[in-house]
Amino acid sequence: MRLSILTSTITLAAAFVATSLMADGHLSLAGKRIGVAVVGTQHFWDREAFNGATSTVEKLGGEVVPVDGGRDNQVHADNHDVLLANKVDAVISILGDGAVEPKFEALKNAGIPVFTVDHPSPHGVNNTTSDNYYMGTTIGRYMADAIGGEGKVAVFNAFEGALRICGIRAGLWKYVLQDYPNIEIVQPELAEEFANAPEDARKKTLDLLSQYPEGTLDAIHVGCWDQPAIGVVQALEEAGRSDILVTALDGGPDTLEIMAEDGSPFVANVAQQPNLIGSTSAMNVARHFAGEKLLPQTYVDVYPVNGQAEAKAAYKSLGYGTLD
């Protein structure tokens with residue numbers, strides 16, 4: 001029953017992408033030049049959010065002025081100076097760390113409204129995002145249940161203090177684990193690299209496994225996203241360690257494919273809808289110019305994925321194809 005509800009809900013949400021423009025047919029960005037700044041396009045999530053934003057701006061008749069940070073937070077921040085110099089009518093900014101804040105302030109002071117994706121800012125009109133509180137608590141419960149409410153857990157958690165969304169997700173995961181006194185988070189926590197995260201996590205996991213012989217570590221969790229989890233799974237397979245489970249957040253097609261494999265150690269995730277998030281942000285730009293009052297936050301649904309069957313269902317319903 002739960003699986004059918006998941007499939008139906010995701011299908012309905014996916015239909016929103018096709019119908020939202022018709023439902024808001026009065027909206028237009030004709031004659032507007034909209035800057036779209038993305039931290040990078042190498043990672044599926046970032047690329048899909050960028051594609052959702054840019055395609056929707058164009059569908060609404062606007063001109064896109066794109067800038068790509070190449071997965072460098074400082075380059076991403078500096079790209080906002082480029083948009084300021086280009087005198088765009090509004091900016092959609094996707095991800096980034098604190099380096100973007102003075103850039104947002106400069107844009108705001110120049111009369112250019114800023115709309116953010118996964119980066120709440122006092123200088124922004126609106127932030128479109130997933131419910132990170134729900135994501136953190138849900139993955140905490142799933143992981144705890146998967147290991148029977150007890151055991152040792154390692155966590156990759158490089159960005160809890162640097163990115164607000166990561167702080168919420170990791171913080172709520174830890175909060176849930178307070179209800180499980182027999183679960184221990186091993187120290188020190190692991191810190192993945194932002195660039196080439198799968199390979200970095202693979203190497204660090206192999207080092208971790210050398211410190212924890214079979215039967216002494218029960219799970220590895222990635223606290224903010226799921227690209228490092230690809231490397232974690234590779235390391236477990238390389239070391240022949242079937243005693244350790246893996247959980248993470250984002251639920252892109254590459255990680256859902258791993259979850260869908262028979263006997264996969266990757267047992268739980270939370271799938272986001274980055275294309276819809278980007279598209280919604282662009283719609284909010286049009287709503288702003290139409291004079292509509294926007295709330296500071298717009299939340300787009302996420303979908304918990306617990307186990308192989310739900311991974312296959314989510315993969316299909318999110319439009320990634322079919323997994324046998």
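In the predicted model, the protein divides into two domains. Domain 1 is made up of residues 2–129 together with 274–301, and domain 2 covers residues 132–271. Domain 1 is thus assembled from two stretches of the chain. The centres of domain 1 and domain 2, taken over C-alpha atoms, are 29 Å apart.

Contact between the domains involves 13 residues of domain 1 and 13 residues of domain 2. About 1000 Å² is buried between domain 1 and domain 2, and 59% of this area lies on carbon and sulfur atoms. On the side of domain 1, His-43, Phe-44 and Arg-71 account for 42% of the area buried against domain 2, more than any other three residues.

The search for charged and polar pairs across the interface of domain 1 and domain 2 returns 1 salt bridge. The count of residue pairs in polar contact across this interface is also given as 1, with both residues at pLDDT 80 or more. The residues of domain 1 that touch domain 2 comprise 5 nonpolar, 4 polar and 4 charged.

Over the whole structure, 13 salt bridges are found. One pair ties together parts that are 51 residues apart in sequence, because Arg-169 lies in helix α6 whereas Asp-118 lies in the loop between β4 (114–117) and β5 (126–130). The side chains of Arg-169 and Asp-118 form a salt bridge with an N to O distance of 3.7 Å. Side chains of opposite charge can pair when their charged atoms come close.

The model contains 1 disulfide. This bond joins Cys-166 to Cys-224, with an S to S distance of 2.1 Å. The link of Cys-166 and Cys-224 is left-handed, with -65° about the S-S bond. Cys-166 is located in helix α6 (residues 164–177) and Cys-224 in the loop between β8 (219–222) and α8 (227–239), so the pair connects parts that are 58 residues apart in sequence. A disulfide is a covalent bond between the sulfur atoms of two cysteines.

Two features of the backbone were also noted. Most residues other than glycine have a negative phi, and most peptide bonds are trans. The peptide bond between Gln-187 and Pro-188 is cis, with omega of about -5°. Pro-188 belongs to the loop between β7 (183–185) and α7 (197–211). Leu-95, a residue other than glycine, has a positive phi, near 65°. Leu-95 is placed in the loop between β3 (90–94) and α4 (101–109).

Ala-99 is likewise found in the loop between β3 and α4. When residues up to four places away in sequence are not counted, Ala-99 touches Gln-74 and Ala-77. Ala-99 and Trp-173 are separated by 74 residues in sequence, and their C-alpha atoms are 26 Å apart in space.

How values were computed:
Residues numbered from 1 in each chain as written. Predicted model: local features only at pLDDT ≥ 70, side-chain atom pairs only at ≥ 80, totals over all residues. Heavy atoms only, no water. Domains from an automatic or database assignment. Contact = heavy atoms within 4.5 Å. Buried area = accessible area lost by both parts, 1.4 Å probe. Salt bridge = Lys/Arg side-chain N within 4 Å of Asp/Glu carboxyl O. Polar contact = N/O pair within 3.5 Å; in protein donor to acceptor, adjacent residues only side chain to side chain. Nonpolar A, V, L, I, M, F, W, Y, C, P; charged D, E, K, R; others polar. Disulfide = S-S within 2.5 Å. Helix = DSSP H or I, 4+ residues; strand = E, 2+ residues; numbered from the N terminus.
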